[in-house]
Amino acid sequence: MTLPLASVVDSFTGAIDFIFSTREAVGGGVQVGGLEQVWDLMAKQIEVSALALAVALALALPIGLYLGHRGTGELLAVAIGNAGRAIPELALIAFMAAFIGLGVFPLTIALMVLGIPPILTNAFVGIRQVDRDAVEAARGMGMTELEVIRRVELPLAVPTIMTGVRTAAINIVATATIGPLVGVVTLGDFIINVNVYGDEGVLAGAILVALLALAVELLLAGVQRLLTPRGLALQREATRATA
Amino acid sequence: MLVALATLAPIAQGSGGFVREPDDAATNCVAENTTVCVGWAIDNIDRYVTPTLQHLEMVVLSVVFGFAIAFAMALLSHRRRWLVPGFTGVTGVLYTLPSIALFSLLLPVTGRGTATAVIALTLYTLQIIYRNIVTGLSNVPGEARDAGRGMGMTDRQLLWRVELPLAVPEIVAGLRIATVSTVAIATLAIFAGAGGLGAEIYNNITFKTGIVVCGAIAIAMAIVLDALLFLAQARLVRWRRQTPTVAGPPGRFAGFFRRLLGPIGARP
């Protein structure tokens with residue numbers, strides 16, 4: 001198979017050009033593209049994604065931590081985690097638009113629904129996997145249940161919990177791309193409205209969304225590194241070295 | 001029935017014309033589009049057969065190709081451990097790319113159509129399947145390996161007769177996760193110019209009944225495929241190793257449900 005290399009290169013060059021300089025819309029009239037519009041749409045996408053992630057964290061993390069600490073509700077935690085993967089993103093967004101209406105609110109709800117399962121399940125699993133001996137030792141030192149969670153279980157579960165948060169964040173940012181279907185103009189506008197932005201706009205949108213997702217992943221990996229207790233990180237390095 | 005279909009077909013096209021003289025409740029319901037028209041959906045379920053089959057085709061092809069590639073990668077890196085971080089990194093980056101972006105990025109290279117959708121979805125499944133095969137192989141107890149060696153097995157025999165069979169639970173767990181997520185993500189294949197349930201939703205984006213029916217079919221498809229893989233594994237692995245990752249509620253019944261519900265959703 002020979003790839004039409006020249007045309008592929010042209011497409012990508014055009015997409016880069018779309019990102020950096022404005023041009024007339026396909027239908028004529030308005031100017032589209034350029035850094036200013038790119039930044040507007042990206043800011044919107046980051047804004048709704050951050051909002052949805054915050055709400056999902058506020059709801060799912062306490063429940064996951066509580067269930068994990070109590071050691072109950074495993075079926076619930078696992079079922080929610082698995083059910084979350086089965087939610088068809090497009091159907092969810094279309095459902096919100098059709099039944100609730102357009103705007104940031106329905107989009108946030110939809111994104112939150114996608115964010116909750118990985119956070120809840122990983123919080124549960126992370127806490128459950130904490131060495132029971134460590135928890136017993138903490139109790140023996142006279143810690144209250146809340147202190148056990150906050151000072152022992154939570155720090156030790158950071159890697160697993162953060163993995164869930166990263167999965168949730170990536171799902172949320174990715175799905176926020178189809179925000180224009182609920183009337184929230186995110187970077188997906190470039191991809192969805194090909195009649196306005198043209199093929200190069202679609203490709204530009206795809207490049208920007210991909211970069212945004214990778215940036216979010218890197219950022220959260222950094223956060224995870226900061227939150228992981230030093231002792232735990234050292235211990236992991238040691239086991240890796242001997243493995 | 002056919003006449004009814006012919007009159008109703010244009011309505012469901014969303015922006016298309018409405019029937020001027022509604023002759024029954026179902027038609028009225030669709031014309032008003034205020035709620036889910038269960039009666040209409042039951043009468044017109046045939047119009048969703050083709051999108052469902054297209055969707056299923058995309059999912060099955062992607063998971064099969066994804067498994068073949070991930071399996072080859074896992075075998076390649078099995079005795080060459082230094083390959084593992086590289087493979088994990090590449091599949092991880094692919095997995096991080098939003099599907100809608102991946103579909104659009106492939107358009108200038110492979111054009112619009114099912115092929116592009118299948119390529120993107122295949123790339124997506126690699127991370128989960130590859131990671132689970134590698135985990136499964138490395139979780140094989142050293143005693144089992146030693147026993148195999150003691151029986152005079154070569155590396156190849158050890159792999160196919162001892163290591164891979166013992167890794168089946170993890171491998172199937174990866175396949176189940178990959179399959180379920182692919183069914184969901186494939187709704188976005190409309191952005192690759194492919195058909196399926198996503199196209200059906202997208203082309204009638206304001207039609208409430210259509211959205212709910214397509215969404216329900218997608219979820220049902222995920223559940224059925226997941227259950228099929230679970231049953232396949234149960235047949236394949238009768239000797240089942242006891243490797244509970246999380247101490248669960250006691251009792252066989254709960255254990256069965258836990259396995260049916262699927263692998264625990266944490267990524268390492």
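The exercises below work through a predicted model, chain by chain.

Residues are numbered from 1 along each chain as its sequence is written, and chains are lettered from A and ligands numbered from 1 in the order in which they are written. Because the model is predicted, local features need pLDDT of at least 70 and side-chain atom pairs count only at pLDDT 80 or more, while totals for chains, interfaces and linings use all residues; side-chain values use heavy atoms, with hydrogens and water left out.

**Exercise 1. Chain A as a whole**

Task: State how many helices and strands chain A has, and in which order they run.

Solution:
- Elements are taken from DSSP runs numbered from the N terminus: helices are H or I with at least four residues, strands are E with at least two.
- Chain A has ten helices and two strands.
- Starting at the N terminus, the order is α-β-β-α-α-α-α-α-α-α-α-α.
- Buried means under 20% relative accessible area, exposed over 50%, and partly exposed in between (1.4 Å probe, protein chains only). Chain A has 243 residues, of which 51% are buried.
- The accessible surface (Shrake-Rupley method, 1.4 Å probe; for residues, only the protein chains shown count as cover) of chain A is about 11,200 Å², with 65% of it belonging to carbon and sulfur atoms.
- A contact means heavy atoms within 4.5 Å. Of the contacts in chain A between residues at least 6 apart in sequence, 73% join residues at least 24 apart.

**Exercise 2. Two residues of helix α2 in chain A**

Task: Locate H69(A) and D40(A), and classify each as buried, partly exposed or exposed.

Solution:
- H69(A) sits in helix α2 of chain A, which covers residues 34-70. Its relative accessibility is 13%, so H69(A) is buried.
- Apart from neighbours within four places in sequence, H69(A) contacts I127(A), R139(A), E145(A), V148(A), I149(A) and E153(A).
- The C-alpha atoms of H69(A) and V135(A) are 9.9 Å apart, although 66 residues separate the two in sequence.
- D40(A) is also in helix α2 of chain A. With 47% relative accessibility, D40(A) is partly exposed.
- Between D40(A) and L187(A) the C-alpha distance is 8.7 Å, and the sequence separation is 147 residues.

**Exercise 3. A salt bridge in chain A**

Task: Find which elements are joined by the salt bridge of E200(A) and R23(A).

Solution:
- Side chains of opposite charge can pair when their charged atoms come close. Here a salt bridge is a side-chain nitrogen of Lys or Arg within 4 Å of a carboxyl oxygen of Asp or Glu.
- The side chains of E200(A) and R23(A) meet this definition, at 2.7 Å from N to O.
- E200(A) belongs to helix α9 (residues 194-227) and R23(A) to strand β1 (residues 22-24) of chain A; the pair links distant parts of the chain, 177 residues apart.
- E200(A) has 28% relative accessibility, so this residue is partly exposed.
- Over all chains, the structure holds 13 salt bridges.

**Exercise 4. A salt-bridge network in chain B**

Task: Trace the salt bridges that E163(B) makes with R79(B) and R145(B).

Solution:
- In the bridge between R79(B) and E163(B), the closest N and O atoms are 3.3 Å apart.
- R79(B) is in the loop between α4 and α5 and E163(B) is in helix α9 (residues 155-185) of chain B, so the bridge ties together parts 84 residues apart in sequence.
- R79(B) is partly exposed, at 39% relative accessibility, whereas E163(B) is buried, at 0%.
- R145(B) and E163(B) also form a salt bridge, at 2.5 Å from N to O. R145(B) lies in helix α8 (residues 142-150) of chain B, 18 residues from E163(B).
- R145(B) has a relative accessible area of 22% and is partly exposed.
- The network of salt bridges links R79(B), R145(B), R149(B), D155(B) and E163(B).

**Exercise 5. Helix α7 of chain B**

Task: Describe the span, bend and burial of α7(B).

Solution:
- Helix α7 covers residues 114-138 of chain B, 25 residues in total.
- From first to last C-alpha the helix reaches 36 Å, close to the expected 36 Å, which is 1.5 Å times one less than its number of residues.
- At L126(B) the helix α7(B) bends by about 30° (the angle between axes fitted to the seven residues ending there and the seven starting there).
- Because 19 of its 25 residues are buried, α7(B) is largely enclosed by the rest of the structure.
- T125(B) lies in this helix and is buried, at 2% relative accessibility.
- Beyond neighbours within four places in sequence, T125(B) contacts S62(B), V63(B), G66(B), A178(B) and T182(B).
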